[in-house]
Amino acid sequence: MIFDWKILHKHQLRKALKKQLASLKNFLHTDDDMLEDSARMEIAGVISDGEKLLTAPAADDCKAWKASAAAVMKKYNPHSSMREILDILAVALMVAFGIRALFFQPFKIPTSSMQPTLYGIHFVDTEKAHKIDGVSKLFGKLGTAGNYALFASRKALLELKNPIQMGNELYPAKEFIFFDSTILPFADGSSAMLPGVPSKVADYAELYPGKQLAGKAVDGYLSDGDHLFVNRLSLHFREPKRGDVMVFATENIVGPGGEKPSDSGDYYIKRLVGLPLDTLKIENDVLYVKPAGAEKFVPVYELAPNMKKLYSGKGGYQGHSNSIPGYSNFLRHSGEEYTVPADHYFMLGDNTRFSADSRVWGPVPRRNLIGRPAIIFWPFSRRWGTVDRLEPLDVPTGQPGVRTFSSMNLQ
(Lines give C-alpha, C1' and ligand atoms only; values in the text may rest on other atoms or scores of the structure.)
Protein backbone atom coordinates (compact mmCIF):
# COMPACT_ATOMS: atom_id res chain seq x y z
CA MET A 1 0.00 0.00 0.00
CA ILE A 2 1.36 3.41 -1.06
CA PHE A 3 0.48 6.35 1.22
CA ASP A 4 -0.59 9.51 -0.65
CA TRP A 5 1.14 12.44 1.09
CA LYS A 6 -0.76 14.94 -1.09
CA ILE A 7 -4.05 13.80 0.46
CA LEU A 8 -2.62 14.22 3.98
CA HIS A 9 -1.30 17.69 3.11
CA LYS A 10 -4.71 18.80 1.80
CA HIS A 11 -6.34 17.44 4.94
CA GLN A 12 -3.98 19.53 7.10
CA LEU A 13 -4.69 22.64 4.99
CA ARG A 14 -8.46 22.13 5.35
CA LYS A 15 -8.09 21.66 9.11
CA ALA A 16 -6.16 24.93 9.46
CA LEU A 17 -8.68 26.75 7.25
CA LYS A 18 -11.64 25.47 9.27
CA LYS A 19 -10.02 26.60 12.52
CA GLN A 20 -9.46 30.16 11.28
CA LEU A 21 -12.89 30.28 9.64
CA ALA A 22 -14.48 29.27 12.97
CA SER A 23 -12.63 32.10 14.70
CA LEU A 24 -13.86 34.64 12.10
CA LYS A 25 -17.45 33.38 12.23
CA ASN A 26 -17.47 33.48 16.02
CA PHE A 27 -16.19 37.06 16.01
CA LEU A 28 -18.77 38.11 13.40
CA HIS A 29 -21.54 36.47 15.44
CA THR A 30 -20.61 37.80 18.89
CA ASP A 31 -19.73 41.36 17.75
CA ASP A 32 -22.36 41.73 15.04
CA ASP A 33 -24.22 44.51 16.84
CA MET A 34 -21.03 46.54 17.35
CA LEU A 35 -19.66 46.36 13.78
CA GLU A 36 -20.36 48.81 10.97
CA ASP A 37 -22.06 47.48 7.83
CA SER A 38 -18.82 47.89 5.88
CA ALA A 39 -16.90 45.86 8.45
CA ARG A 40 -19.48 43.06 8.43
CA MET A 41 -19.34 42.91 4.64
CA GLU A 42 -15.52 42.81 4.64
CA ILE A 43 -15.38 40.00 7.19
CA ALA A 44 -18.15 38.07 5.41
CA GLY A 45 -16.21 38.37 2.15
CA VAL A 46 -13.07 36.91 3.75
CA ILE A 47 -15.15 34.06 5.18
CA SER A 48 -16.67 33.36 1.75
CA ASP A 49 -13.21 33.24 0.14
CA GLY A 50 -12.03 30.81 2.80
CA GLU A 51 -14.98 28.48 2.32
CA LYS A 52 -14.28 28.34 -1.41
CA LEU A 53 -10.73 27.24 -0.70
CA LEU A 54 -12.00 24.25 1.29
CA THR A 55 -13.03 22.43 -1.90
CA ALA A 56 -9.50 22.44 -3.37
CA PRO A 57 -6.98 23.95 -0.96
CA ALA A 58 -3.56 24.92 -2.36
CA ALA A 59 -0.65 25.89 -0.16
CA ASP A 60 0.01 29.31 -1.73
CA ASP A 61 -3.68 30.24 -1.87
CA CYS A 62 -4.20 29.20 1.74
CA LYS A 63 -1.17 31.18 2.86
CA ALA A 64 -2.48 34.31 1.12
CA TRP A 65 -5.96 33.83 2.57
CA LYS A 66 -4.61 33.37 6.12
CA ALA A 67 -2.73 36.64 5.77
CA SER A 68 -5.90 38.48 4.71
CA ALA A 69 -7.89 36.82 7.51
CA ALA A 70 -5.27 37.84 10.10
CA ALA A 71 -5.26 41.39 8.73
CA VAL A 72 -9.04 41.78 8.99
CA MET A 73 -9.05 40.36 12.53
CA LYS A 74 -6.29 42.75 13.57
CA LYS A 75 -8.22 45.62 11.97
CA TYR A 76 -11.52 44.98 13.75
CA ASN A 77 -10.45 42.93 16.78
CA PRO A 78 -6.92 44.04 17.75
CA HIS A 79 -7.07 42.36 21.18
CA SER A 80 -8.20 38.94 20.00
CA SER A 81 -5.43 37.05 21.84
CA MET A 82 -6.20 38.73 25.14
CA ARG A 83 -9.90 38.13 24.59
CA GLU A 84 -9.31 34.41 24.06
CA ILE A 85 -7.28 34.23 27.27
CA LEU A 86 -10.03 36.04 29.18
CA ASP A 87 -12.65 33.69 27.71
CA ILE A 88 -10.65 30.67 28.90
CA LEU A 89 -10.18 32.25 32.31
CA ALA A 90 -13.90 32.97 32.59
CA VAL A 91 -14.73 29.34 31.80
CA ALA A 92 -12.15 28.12 34.34
CA LEU A 93 -13.61 30.38 37.02
CA MET A 94 -17.13 29.20 36.24
CA VAL A 95 -16.01 25.59 36.63
CA ALA A 96 -14.19 26.40 39.89
CA PHE A 97 -17.20 28.20 41.37
CA GLY A 98 -19.47 25.41 40.17
CA ILE A 99 -17.31 22.83 41.97
CA ARG A 100 -17.33 25.01 45.09
CA ALA A 101 -21.09 25.42 45.04
CA LEU A 102 -21.97 21.82 44.25
CA PHE A 103 -19.16 19.65 45.58
CA PHE A 104 -16.28 20.97 47.70
CA GLN A 105 -16.53 24.21 49.65
CA PRO A 106 -13.50 25.67 51.48
CA PHE A 107 -14.07 26.34 55.16
CA LYS A 108 -11.94 27.78 57.95
CA ILE A 109 -12.40 26.57 61.52
CA PRO A 110 -13.55 29.69 63.39
CA THR A 111 -13.20 28.68 67.06
CA SER A 112 -11.68 26.14 69.44
CA SER A 113 -14.96 24.28 70.03
CA MET A 114 -13.96 21.19 67.98
CA GLN A 115 -10.44 20.81 69.38
CA PRO A 116 -8.51 18.56 69.40
CA THR A 117 -10.21 17.03 66.33
CA LEU A 118 -10.20 20.33 64.42
CA TYR A 119 -8.39 23.46 65.50
CA GLY A 120 -9.35 27.10 65.32
CA ILE A 121 -6.83 29.85 66.03
CA HIS A 122 -4.67 28.43 68.80
CA PHE A 123 -1.33 28.66 70.58
CA VAL A 124 1.37 26.03 70.08
CA ASP A 125 4.04 25.55 72.75
CA THR A 126 6.93 24.54 70.47
CA GLU A 127 9.36 23.44 73.17
CA LYS A 128 6.89 20.92 74.59
CA ALA A 129 5.31 20.03 71.25
CA HIS A 130 8.62 18.81 69.77
CA LYS A 131 8.73 16.12 72.46
CA ILE A 132 5.45 14.64 71.25
CA ASP A 133 5.30 11.90 68.61
CA GLY A 134 3.40 12.94 65.49
CA VAL A 135 4.23 16.65 65.68
CA SER A 136 6.47 17.87 62.83
CA LYS A 137 10.05 18.47 63.89
CA LEU A 138 10.21 21.26 61.30
CA PHE A 139 7.65 23.33 63.15
CA GLY A 140 9.18 26.62 64.25
CA LYS A 141 12.43 26.02 62.34
CA LEU A 142 11.66 27.45 58.89
CA GLY A 143 11.78 31.19 59.48
CA THR A 144 8.86 33.60 59.45
CA ALA A 145 7.72 32.94 55.86
CA GLY A 146 8.35 29.20 55.95
CA ASN A 147 6.52 28.63 59.21
CA TYR A 148 3.51 30.53 57.98
CA ALA A 149 3.49 28.89 54.52
CA LEU A 150 3.59 25.34 55.93
CA PHE A 151 2.07 25.64 59.38
CA ALA A 152 -0.03 28.86 59.21
CA SER A 153 1.81 30.02 62.33
CA ARG A 154 3.40 33.24 63.59
CA LYS A 155 5.96 33.54 66.36
CA ALA A 156 4.63 34.59 69.77
CA LEU A 157 7.55 35.56 71.98
CA LEU A 158 7.59 37.76 75.07
CA GLU A 159 11.01 37.71 76.73
CA LEU A 160 11.77 40.25 79.44
CA LYS A 161 15.17 41.20 80.87
CA ASN A 162 13.63 42.55 84.08
CA PRO A 163 10.35 41.78 85.88
CA ILE A 164 7.56 44.09 84.85
CA GLN A 165 3.90 44.60 85.66
CA MET A 166 1.07 44.58 83.14
CA GLY A 167 -0.71 47.88 82.65
CA ASN A 168 -4.29 48.41 81.48
CA GLU A 169 -6.34 46.38 79.00
CA LEU A 170 -4.74 45.08 75.80
CA TYR A 171 -5.58 46.84 72.55
CA PRO A 172 -5.22 45.90 68.87
CA ALA A 173 -2.27 47.06 66.78
CA LYS A 174 -3.98 48.84 63.88
CA GLU A 175 -0.92 49.22 61.65
CA PHE A 176 -1.03 45.52 60.69
CA ILE A 177 -3.37 45.12 57.72
CA PHE A 178 -3.34 41.38 57.02
CA PHE A 179 -2.60 39.96 60.46
CA ASP A 180 -4.15 40.67 63.84
CA SER A 181 -1.67 41.77 66.48
CA THR A 182 -2.07 43.12 69.99
CA ILE A 183 -0.23 45.80 71.98
CA LEU A 184 0.65 44.85 75.56
CA PRO A 185 0.92 47.97 77.75
CA PHE A 186 3.19 47.81 80.83
CA ALA A 187 2.87 49.82 84.02
CA ASP A 188 6.11 51.73 83.34
CA GLY A 189 4.76 53.11 80.03
CA SER A 190 6.60 50.69 77.75
CA SER A 191 4.85 48.07 75.59
CA ALA A 192 5.32 44.90 73.59
CA MET A 193 3.43 43.14 70.80
CA LEU A 194 2.09 39.62 70.31
CA PRO A 195 0.15 38.04 67.39
CA GLY A 196 -3.62 37.66 67.63
CA VAL A 197 -6.60 39.70 68.72
CA PRO A 198 -6.58 40.95 72.35
CA SER A 199 -8.96 38.25 73.65
CA LYS A 200 -6.89 35.46 72.08
CA VAL A 201 -3.61 36.92 73.38
CA ALA A 202 -5.07 37.25 76.88
CA ASP A 203 -6.03 33.56 76.74
CA TYR A 204 -2.82 31.99 75.48
CA ALA A 205 -0.49 34.31 77.42
CA GLU A 206 -2.77 34.26 80.50
CA LEU A 207 -2.50 38.04 80.81
CA TYR A 208 -4.55 40.37 82.98
CA PRO A 209 -4.04 43.93 84.26
CA GLY A 210 -1.53 44.04 87.09
CA LYS A 211 0.02 40.62 86.43
CA GLN A 212 3.75 40.42 87.17
CA LEU A 213 5.78 39.15 84.21
CA ALA A 214 9.37 37.98 84.11
CA GLY A 215 11.80 36.08 81.87
CA LYS A 216 10.37 34.18 78.91
CA ALA A 217 6.71 34.84 79.66
CA VAL A 218 5.47 33.57 76.25
CA ASP A 219 7.32 31.28 73.84
CA GLY A 220 5.48 29.59 71.04
CA TYR A 221 3.48 30.17 67.87
CA LEU A 222 -0.04 31.33 67.10
CA SER A 223 -1.63 29.15 64.43
CA ASP A 224 -4.42 30.42 62.17
CA GLY A 225 -6.22 27.09 62.51
CA ASP A 226 -7.38 24.37 60.14
CA HIS A 227 -8.61 25.07 56.61
CA LEU A 228 -10.63 22.28 55.03
CA PHE A 229 -12.86 21.29 52.15
CA VAL A 230 -16.48 20.38 52.91
CA ASN A 231 -18.06 17.66 50.80
CA ARG A 232 -21.46 19.18 49.98
CA LEU A 233 -22.46 16.17 47.88
CA SER A 234 -22.08 13.59 50.65
CA LEU A 235 -25.53 14.15 52.15
CA HIS A 236 -27.15 13.19 48.83
CA PHE A 237 -25.72 9.67 49.12
CA ARG A 238 -25.67 8.99 52.87
CA GLU A 239 -27.95 10.28 55.60
CA PRO A 240 -26.35 11.96 58.63
CA LYS A 241 -25.09 9.53 61.28
CA ARG A 242 -24.25 9.83 64.96
CA GLY A 243 -20.61 10.74 65.26
CA ASP A 244 -20.39 12.63 61.97
CA VAL A 245 -18.52 15.92 62.01
CA MET A 246 -20.91 18.25 60.22
CA VAL A 247 -20.96 21.77 58.77
CA PHE A 248 -24.30 23.54 58.88
CA ALA A 249 -25.78 26.96 58.17
CA THR A 250 -26.61 29.08 61.22
CA GLU A 251 -29.54 30.83 59.57
CA ASN A 252 -32.77 30.85 61.61
CA ILE A 253 -31.30 28.84 64.52
CA VAL A 254 -32.28 30.64 67.73
CA GLY A 255 -32.28 29.41 71.32
CA PRO A 256 -35.04 29.99 73.91
CA GLY A 257 -33.46 33.26 75.00
CA GLY A 258 -32.61 34.44 71.48
CA GLU A 259 -29.18 32.75 71.50
CA LYS A 260 -27.63 32.22 68.06
CA PRO A 261 -24.95 29.70 66.99
CA SER A 262 -22.52 32.34 65.78
CA ASP A 263 -22.07 36.04 65.34
CA SER A 264 -18.87 35.50 63.35
CA GLY A 265 -20.11 33.71 60.25
CA ASP A 266 -22.89 31.96 58.35
CA TYR A 267 -21.61 28.42 59.01
CA TYR A 268 -20.66 26.36 62.04
CA ILE A 269 -18.99 23.00 62.53
CA LYS A 270 -19.83 20.50 65.29
CA ARG A 271 -20.20 16.77 65.85
CA LEU A 272 -23.65 15.30 65.30
CA VAL A 273 -24.48 13.34 68.48
CA GLY A 274 -28.28 13.10 68.40
CA LEU A 275 -30.55 11.90 65.58
CA PRO A 276 -34.23 12.81 65.23
CA LEU A 277 -36.30 11.40 68.14
CA ASP A 278 -33.20 10.36 70.13
CA THR A 279 -33.48 11.04 73.85
CA LEU A 280 -30.23 12.36 75.33
CA LYS A 281 -28.75 12.91 78.77
CA ILE A 282 -25.29 13.57 80.21
CA GLU A 283 -24.11 11.94 83.42
CA ASN A 284 -20.58 12.02 84.83
CA ASP A 285 -19.26 13.58 81.60
CA VAL A 286 -20.72 10.77 79.46
CA LEU A 287 -23.41 11.38 76.84
CA TYR A 288 -26.11 8.71 76.91
CA VAL A 289 -28.52 8.07 74.05
CA LYS A 290 -31.86 6.27 73.92
CA PRO A 291 -32.73 5.91 70.22
CA ALA A 292 -36.34 6.16 69.07
CA GLY A 293 -38.16 2.95 70.08
CA ALA A 294 -35.39 1.75 72.42
CA GLU A 295 -36.03 0.98 76.08
CA LYS A 296 -32.76 2.03 77.69
CA PHE A 297 -29.94 4.54 77.44
CA VAL A 298 -26.48 3.51 76.23
CA PRO A 299 -23.22 5.49 76.05
CA VAL A 300 -23.01 7.31 72.72
CA TYR A 301 -19.75 5.57 71.79
CA GLU A 302 -21.57 2.21 71.70
CA LEU A 303 -23.72 3.58 68.89
CA ALA A 304 -20.95 5.63 67.26
CA PRO A 305 -17.61 3.82 67.81
CA ASN A 306 -15.62 6.70 66.27
CA MET A 307 -16.60 8.77 69.31
CA LYS A 308 -14.85 6.46 71.76
CA LYS A 309 -11.69 8.59 71.56
CA LEU A 310 -13.65 11.52 73.02
CA TYR A 311 -13.65 9.59 76.31
CA SER A 312 -9.97 8.64 76.24
CA GLY A 313 -8.88 11.47 78.55
CA LYS A 314 -5.92 12.04 76.24
CA GLY A 315 -4.70 14.88 74.03
CA GLY A 316 -7.49 17.25 75.03
CA TYR A 317 -10.44 14.87 74.76
CA GLN A 318 -12.62 15.24 77.86
CA GLY A 319 -15.95 13.50 77.31
CA HIS A 320 -19.10 15.63 77.43
CA SER A 321 -19.96 18.06 80.21
CA ASN A 322 -23.48 19.15 81.05
CA SER A 323 -23.24 22.86 80.66
CA ILE A 324 -21.42 26.06 80.06
CA PRO A 325 -22.07 27.79 83.42
CA GLY A 326 -24.91 30.29 83.18
CA TYR A 327 -25.24 29.73 79.45
CA SER A 328 -26.91 26.41 78.63
CA ASN A 329 -30.60 25.76 78.01
CA PHE A 330 -30.51 21.99 77.30
CA LEU A 331 -28.90 19.09 79.22
CA ARG A 332 -27.98 21.59 81.93
CA HIS A 333 -27.83 19.13 84.82
CA SER A 334 -26.78 15.54 85.33
CA GLY A 335 -29.57 13.25 84.20
CA GLU A 336 -31.68 15.98 82.57
CA GLU A 337 -33.23 14.46 79.44
CA TYR A 338 -33.96 15.99 76.06
CA THR A 339 -35.68 14.44 73.05
CA VAL A 340 -34.54 15.68 69.65
CA PRO A 341 -37.47 16.84 67.47
CA ALA A 342 -38.25 15.13 64.17
CA ASP A 343 -36.12 16.30 61.24
CA HIS A 344 -33.58 17.90 63.63
CA TYR A 345 -30.11 16.99 64.89
CA PHE A 346 -28.30 17.68 68.18
CA MET A 347 -24.76 19.03 67.82
CA LEU A 348 -21.94 19.17 70.39
CA GLY A 349 -18.37 20.42 70.17
CA ASP A 350 -15.57 17.98 71.01
CA ASN A 351 -14.07 20.67 73.29
CA THR A 352 -17.27 20.43 75.25
CA ARG A 353 -16.32 22.62 78.22
CA PHE A 354 -15.62 25.53 75.88
CA SER A 355 -18.20 25.02 73.15
CA ALA A 356 -21.39 26.94 72.42
CA ASP A 357 -23.50 24.26 70.77
CA SER A 358 -26.96 22.64 70.86
CA ARG A 359 -26.90 22.83 74.67
CA VAL A 360 -27.28 26.61 74.16
CA TRP A 361 -29.29 27.16 70.99
CA GLY A 362 -30.99 23.82 70.51
CA PRO A 363 -31.15 21.32 67.63
CA VAL A 364 -30.28 22.00 63.99
CA PRO A 365 -32.94 21.52 61.27
CA ARG A 366 -32.14 19.03 58.48
CA ARG A 367 -32.38 21.78 55.86
CA ASN A 368 -29.45 23.63 57.50
CA LEU A 369 -26.95 20.80 57.01
CA ILE A 370 -24.29 21.61 54.41
CA GLY A 371 -22.02 18.58 54.37
CA ARG A 372 -19.21 16.62 55.96
CA PRO A 373 -15.65 17.97 56.06
CA ALA A 374 -13.51 15.91 53.70
CA ILE A 375 -9.85 16.92 54.08
CA ILE A 376 -7.73 19.49 55.87
CA PHE A 377 -5.65 21.10 53.12
CA TRP A 378 -3.74 23.63 55.27
CA PRO A 379 -1.70 23.85 57.44
CA PHE A 380 0.59 20.84 57.10
CA SER A 381 0.15 19.74 60.70
CA ARG A 382 -0.41 16.22 62.02
CA ARG A 383 -4.09 16.69 61.13
CA TRP A 384 -3.38 17.33 57.43
CA GLY A 385 -5.42 14.96 55.29
CA THR A 386 -8.68 13.15 56.00
CA VAL A 387 -10.71 14.69 58.82
CA ASP A 388 -11.30 12.85 62.12
CA ARG A 389 -8.97 9.94 61.40
CA LEU A 390 -6.39 10.46 64.16
CA GLU A 391 -6.12 8.86 67.57
CA PRO A 392 -5.49 11.24 70.48
CA LEU A 393 -2.00 12.38 71.39
CA ASP A 394 -0.65 10.09 74.08
CA VAL A 395 -0.62 12.79 76.78
CA PRO A 396 -3.15 13.32 79.59
CA THR A 397 -5.84 15.88 78.85
CA GLY A 398 -5.33 17.35 82.31
CA GLN A 399 -7.36 20.07 83.96
CA PRO A 400 -8.98 22.97 82.06
CA GLY A 401 -7.19 26.30 82.09
CA VAL A 402 -8.20 29.64 80.59
CA ARG A 403 -10.70 28.59 77.87
CA THR A 404 -8.61 25.58 76.92
CA PHE A 405 -6.51 22.64 78.13
CA SER A 406 -2.73 22.93 78.11
CA SER A 407 -2.53 19.57 76.30
CA MET A 408 -4.15 21.29 73.29
CA ASN A 409 -1.11 23.57 72.96
CA LEU A 410 1.01 20.64 71.80
CA GLN A 411 -0.32 20.24 68.25
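**Exercise 1. Strand 17 and its partners**

Two antiparallel bridges link strand 17 with strand 18 (residues 385–386), and this comes from a predicted model. Your task: work out which other strands pair with strand 17 and in what sense, and whether strand 17 is mostly buried or exposed.

*Solution.*

1. Start with strand 18. Ile375 has Thr386 as its bridge partner there. Between the two strands runs a hairpin connection of six residues.
2. Now turn to strand 8 (residues 227–231). Its pairing with strand 17 is antiparallel and covers five bridges. To find this pairing in the viewer, pick Leu228 and look for Ile376, its bridge partner in strand 17.
3. Next comes strand 9 (residues 245–249), which is joined to strand 17 by two bridges, again running antiparallel. Here Phe248 faces Leu369 of strand 17.
4. As background, strands in a sheet are paired by hydrogen bonds of the backbone, in a parallel or antiparallel way.
5. Finally, check burial. Strand 17 spans residues 369–378, and seven of its ten residues are buried, so the rest of the structure largely encloses this strand.

**Exercise 2. A cis bond after the strand**

Your task: find which residues are joined by the cis peptide bond with omega about 5°, and say where its proline lies.

*Solution.*

1. The bond runs between Trp378 and Pro379 and is cis, with omega about 5°.
2. Pro379 sits in the loop that leads from strand 17 to strand 18.
3. Another cis bond is found from Gln115 to Pro116, with omega near 5°. Pro116 belongs to the loop between strand 1 (104–108) and strand 2 (122–124).

**Exercise 3. An open sheet**

Your task: give the order of the four strands in the open sheet and name its edge strands.

*Solution.*

1. The order is 13-12-11-14, with antiparallel pairing.
2. Strand 13 (298–299) and strand 14 each pair on one side only, and these are the edge strands.
3. For a closer look at one edge, take strand 11 (residues 279–283), which two bridges join to strand 14 in the antiparallel sense. Thr279 stands opposite Thr339 of strand 14.

**Exercise 4. A lysine in a loop**

Your task: decide whether Lys309 is buried or exposed, and list its contacts beyond four places in sequence.

*Solution.*

1. Locate Lys309 in the loop connecting helix 8 (300–303) and strand 14 (338–339).
2. Its relative accessible area is 9%. The cut-off for buried is under 20%, so Lys309 counts as buried.
3. Leaving out neighbours within four places in sequence, Lys309 touches Arg271, Tyr317, Asp388, Leu390, Glu391 and Pro392.
4. Follow one of these contacts, Asp388. Asp388 lies in the segment after strand 18 and has a positive phi, near 65°. With a relative accessible area of 23%, Asp388 is partly exposed.
5. Go back to the loop between helix 8 and strand 14 to find Leu331. Leu331 also has a positive phi, near 55°, although it is not a glycine. Leu331 is buried, at a relative accessible area of 0%.

**Exercise 5. The whole chain**

Your task: state how many helices and strands the chain has, and what share of its residues is buried.

*Solution.*

1. The count is nine helices and 18 strands.
2. The chain has 411 residues, and 44% of them count as buried.
3. The accessible surface is about 22200 Å², with 57% belonging to carbon and sulfur atoms.
4. Of the contacts between residues at least 6 apart in sequence, 67% connect residues at least 24 apart.

Terms used
Residues are numbered from 1 along each chain as its sequence is written. This is a predicted model: local features need pLDDT of at least 70, side-chain atom pairs count only at pLDDT 80 or more; totals for chains, interfaces and linings use all residues. Side-chain values use heavy atoms; hydrogens and water are left out. Buried means under 20% relative accessible area, exposed over 50%, partly exposed in between (1.4 Å probe, protein chains only). Contact means heavy atoms within 4.5 Å. Accessible areas come from the Shrake-Rupley method with a 1.4 Å probe; for residues, only the protein chains shown count as cover. Two strands pair if DSSP finds at least two bridges between them.
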